[in-house]
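Here is a short tour of a protein model, with its confidence, its inner space and one residue as stops. Please keep the viewer open as you read.

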Amino acid sequence: MAPTVSVLAYDGMTAFETGIVTEVFGLTWPDVDIEWYELAICTERAEPVRMIGGATLSTPHGLEVLAAADTVIVPSVKNIDVQVSPELVAALRLAHRRGARLVSICSGAFALAAAGLLDGRPATTHWLYSDQLARRFPAVRVQPAPLYVDDGDVLTSAGCAAGLDLALHIVRRDFGAAVANAIARRLVVQPHREGGQAQFIETPVAADPDDDRVARSMAWAREHLTEPITVDLLARAAHMSPRTYLRHFNKCAGTSPIRWLIIQRVQASLELLETTTMPVERIATAVGFDTPVTFRHHFQATMHTSPSMYRRTFRSGAD
């Protein structure tokens, strides 16, 4: 039976946050040969909701359908200064009692907090709202830095686009890294973004004519992960001097080449951990780490768990 996902639509919404949910959980992916999610868009009341830009959205699904899903997503709230309706609070609490997975995107954390579902838990929201979330709900352990926080049955994400990071994380939890990576390729996004919200605060997006050359060097590196790769080699692949390459890479990727390379190698190890019985020591070598110790260190720092624990959690057909 397909896992069910519900997402709240509300008056005054933008299409973006709900669109993220629809794109990841609502589409049928022809290259993913598994039973996908069954998605329902829900509203508090029967009448159509107005979207920014003049469009309206109608759905036959109300709060009873929202609360009945396996995964319940609140993409945001219209106004963080307005109290969440008692009806929505009741539906979220009912979903939680039923054992549903509760998810918020951006300011949707305020709805989960109003329902008491974040009390005593770590949670995040958009960096603009984190102080206010902490003031209004002091029982919540607000974490302003992460792109998303996974606390088991309750997950929260930062600003709107971070909802895509969290959605892919949920797919990874449910179906493994290979499937999440396939969806990310379809969406033309990274399956896992390194770093947190701090890198985006008051940071302008700079257009760089050399981005294509940096991107080509990244593609080359992914094809040669098992080999020793240095900044000099990456710069050579981009036809730049190392100094120029470092400057352009940081502007393009928001991190250093070596840190980016570590993340790529950790990501490459996920499928091997999930789908093979290869020893961790061999996996470390297969994805380009010098030693198993180095692999374990970087895996823990990136995935917040050990390779062995990740394998026990996610390996298909694990005993």
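## Confidence

The chain averages a pLDDT (the predictor's confidence in each residue, from 0 to 100) of 88, and 92% of the residues score at least 70. Over residues 201-208, pLDDT stays under 50; for that stretch the model has five contacts (heavy atoms within 4.5 Å) beyond four places in sequence.

This is a predicted model, in which local features need pLDDT of at least 70 and side-chain atom pairs count only at pLDDT 80 or more, while totals for chains, interfaces and linings use all residues. Residues are numbered from 1 along each chain as its sequence is written, and side-chain values use heavy atoms, with hydrogens and water left out.

## The cavity

The structure holds one cavity of 30 Å³ or more. Here a cavity is a set of points, on a 1 Å grid over the protein atoms alone, where a 1.4 Å probe fits but cannot get out; lining residues have an atom within 4 Å of a point. The largest cavity has about 30 Å³ of space, a volume being the space filled by probe spheres set on the points, which are joined across faces, edges and corners.

Its lining consists of Val21, Phe25, Ile73, Val103, Ile105, Gly163, Ala167 and Ile170. By class, seven of these are nonpolar, one is polar and none is charged; Gly counts as polar, while Ala, Val, Ile and Phe are among the nonpolar residues. Helices H1 (15-26) and H6 (162-175) each supply at least two lining residues, and H6 gives the most, with three. Helices are DSSP runs (H or I, at least four residues), numbered from the N terminus.

## Phe314

Phe314 is placed in helix H14 (residues 307-314). Beyond its neighbours within four places in sequence, Phe314 is in contact with Arg172, Arg173 and Glu274. From Phe314 to Thr275 the C-alpha to C-alpha distance is 8.8 Å, with their positions 39 residues apart in sequence.

Methods
1 Å grid on protein atoms, 1.4 Å probe; cavity = no way out; pocket = protein on both sides within 12 Å on 5 of 7 lines; lining within 4 Å.
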